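Hi,

Here is the model I said I would pass on. Have a look at it first, and my notes follow underneath.

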Amino acid sequence: MTSTRILLASIAASFAVGAQAEVVVIVSAKSPVASVTADQVSQIYTGASTSLPGGGTATPLDREEGAAVREEFNSKVVGKSSQQLKALWSRLIFSGKGTRPRQMASAAEMKKAVAADPNAIGFIEKSELDNTVKAVLEAK
Amino acid sequence: MKSRKLAAGAMLALACASNANAVDFEFSGFASAIVGKTFGACTPENGLATDYAGGCTRFVADWGHAGVYTDKWSANPESKLGLQATAKFTPMWSATGQVVARLLEGHPAAEVEWAYVTFQPNANWSIQAGRKRVPLFFYSDFQDVGYAYPWVRVPQDVYGWDVVNYNGANVAYSNSYGAWSMRSSVFGGQETSKRNQYSKLFYDEGKDVKWPKIAGADLELTRDWLTARIVYLRSDYEQIDRATGESDFQPSGATRGRHQAYGGSINIDYDNFIVRSEYSIFDRSQYAYKVNAWFVGVGYRFGNFTPMLTASDYRESTKFPDTYDPSKWYTRTLSLRYDFGKSSAVKIQFDRLVDRGAVIPGTAKLISASYDVVF
């Protein structure tokens with residue numbers, strides 16, 4: 001029993017450590033958007049909406065499949081697994097209702113693309129923030 | 001066929017014309033390799049055309065493309081490969097073409113099933129014109145993309161109709177309100193389906209099926225774990241015998257009629273629970289019959305495994321019992337999906353169809369397995 005509890009505790013601890021890499025949703029430093037809700041971000045990343053708060057057309061940017069920050073973003077902000085999202089986007093892409101978000105290969109590439117496009121929206125680890133982009137939502 | 005070639009040609013011309021500018025091309029695709037075989041008590045009597053009536057048992061896995069399994073293993077009825085290209089000329093204008101190749105006998109090797117131009121003036125509105133899928137049901141416009149749903153195939157008790165694509169236009173509006181988002185569209189157009197595949201299931205002679213004056217609308221609401229959709233469609237209907245060029249008489253005695261279809265679907269993804277459901281009324285009662293069809297599926301995600309139980313039902317009624325014998329059957333389905341890799345899934349599925357009215361395919365069991373991928 002005791003060993004089971006220790007095992008459970010250590011599993012819980014390792015999850016807690018994993019969760020400390022906080023994810024922030026970012027837009028360009030030049031964007032007028034000051035904040036977004038998790039619902040808005042979820043709608044943009046599930047293809048249900050392409051509207052940015054304030055009326056612009058959002059260009060969502062994604063990270064490559066398998067990136068840890070992507071898993072974190074999908075589960076905490078979008079609220080879907082990568083597989084669920086892939087199935088959702090398959091529907092949208094092949095029925096003419098949306099185009100797949102472009103995938104960035106690194107945090108640096110993500111920041112560069114977001115900084116350059118006032119309509120772009122992306123996500124990075126909080127520790128990667130710099131003055132070219134601004135955080136509009138922090139994953140809880 | 002002609003209009004498909006025209007649409008494809010127009011797209012190609014558009015793509016070439018704007019080659020000088022920076023055009024963003026995006027390529028994607030999907031494929032399903034599916035094998036299956038029927039089994040169960042022998043039911044030689046059935047209402048299918050000669051080509052499909054053989055064997056002891058049979059299962060129509062794709063009514064729209066005449067994909068039928070018999071008691072011999074086959075990969076032909078449903079296996080397919082789809083390739084899609086989208087050319088984005090400006091942020092507002094794009095053109096998309098989708099070619100689907102099927103293993104089915106007697107079916108052209110590959111057909112342009114989608115070819116349309118999209119104009120998206122802002123985040124809320126989009127206008128599309130060209131060749132598209134008739135959005136009659138929730139899964140209609142992605143029923144070829146096996147990766148996007150939990151079964152080997154969408155429940156055929158609801159999804160089996162004669163016209164799959166149409167030429168026309170649609171206007172769509174989407175918006176979000178707090179946690180809710182909505183998407184609504186109106187569409188209109190027409191279709192002449194030469195050598196109609198669905199009709200091949202019932203007639204030894206070749207038939208063309210016309211759906212002129214298609215008009216309809218749909219509305220989809222989504223909130224976190226819930227997706228709900230309603231749809232209405234109507235069109236005229238005519239079936240023409242290819243050999244004689246004459247319109248066939250319908251059970252009412254008329255050669256042309258008008259039908260309407262309406263229904264709704266509710267899908268739930270709550271934690272690991274999934275529910276998929278759809279109810280549809282296809283009303284051809286003016287000239288032939290009226291169908292009530294539905295399915296309800298309940299599943300649960302255990303990590304990469306999604307087992308699911310689905311019940312579906314198809315029931316016809318008619319005002320012309322002297323000339324039309326209505327069909328009734330139901331299907332019980334047990335399916336298991338396993339996700340692996342970045343974008344592939346294998347599924348195994350067991351179906352039991354019980355045919356209780358004017359026997360069409362006949363009572364049968366089907367075992368099938370698929371490998372689905374998107375790229």
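Let me start with the surface of chain B: about 16,000 Å² is exposed, and carbon and sulfur atoms supply 60% of that. Bear in mind throughout that this is a predicted model.

Staying with chain B, the secondary structure comes to 4 helices and 18 strands. The C-alpha trace spans about 60 × 55 × 40 Å along its principal axes. A compact globule of 375 residues would have a radius of gyration near 21 Å, and chain B has 21 Å, so the two agree. Of those 375 residues, 53% count as buried. If you take the contacts in chain B between residues at least 6 apart in sequence, 59% join residues at least 24 apart. On charge, chain B carries 40 positive and 38 negative side chains, and the centres of the two sets lie 2 Å apart.

Now chain A. Here there are 5 helices and 5 strands, and from the N terminus on they run α-β-α-β-α-α-β-α-β-β. Chain A has 140 residues, with buried ones making up 45%. About 6,700 Å² of chain A is exposed, and carbon and sulfur atoms supply 58% of it. Among contacts in chain A with a separation of 6 or more, 72% come from residues 24 or more positions apart.

The element of chain A I'd point you to is helix H5, residues 107-116. Which of its residues are buried? They are Ala107(A), Met110(A), Lys111(A), Ala113(A), Val114(A) and Ala115(A), so do note that a lysine is on the list. As background for reading that pattern, an α-helix has 3.6 residues a turn, so residues three or four places apart point the same way. The buried residues of H5(A) pack against strands S1 (23-28), S2 (59-63), S3 (102-104), S4 (120-125) and S5 (133-138) of chain A.

On to where the chains meet. The contact involves 36 residues of chain B and 23 residues of chain A. Between them the two chains bury about 2,500 Å², with 44% of it on carbon and sulfur atoms. On the chain B side, Glu26(B), Ala123(B) and Lys342(B) lose the most area to chain A, and together they account for 17% of what that side buries.

One residue to look at in that context is Gln84(B), which is found in strand S4 (residues 80-88) of chain B. Gln84(B) has a relative accessible area of 5%, so it is buried. Setting aside residues up to four places away in sequence, Gln84(B) touches Ile93(A) and Phe94(A) from the other chain, and Glu26(B), Phe27(B), Ser28(B), Thr96(B), Gly97(B) and Gln98(B) from its own. Glu26(B), one of these, is also among the residues of chain B that lose the most area to chain A. The C-alpha atoms of Gln84(B) and Trp114(B) are separated by 8.7 Å, with their positions 30 residues apart along the chain.

Last, a loop residue. Ser285(B) is found between strand S13 (273-283) and strand S14 (290-300) of chain B. Is Ser285(B) buried or exposed? Its relative accessibility is 17%, and because the cut-off for buried is under 20%, Ser285(B) counts as buried. Leaving aside neighbours within four places in sequence, Ser285(B) is in contact with Lys290(B), Lys319(B) and Phe320(B).

Cheers

Note on methods:
Residues numbered from 1 in each chain as written. Chains lettered and ligands numbered in written order. Predicted model: local features only at pLDDT ≥ 70, side-chain atom pairs only at ≥ 80, totals over all residues. Heavy atoms only, no water. Helix = DSSP H or I, 4+ residues; strand = E, 2+ residues; numbered from the N terminus. Rg over C-alpha atoms; globule rule 2.2 N^0.38 Å. Buried < 20%, exposed > 50% of the residue type's maximum accessible area, 1.4 Å probe, protein only. Contact = heavy atoms within 4.5 Å. Areas by Shrake-Rupley, 256 points an atom, 1.4 Å probe, with all protein chains shown as cover. Lys, Arg positive; Asp, Glu negative; His and termini not counted. Charge placed at Lys NZ, Arg CZ, Asp CG, Glu CD. Buried area = accessible area lost by both parts, 1.4 Å probe.
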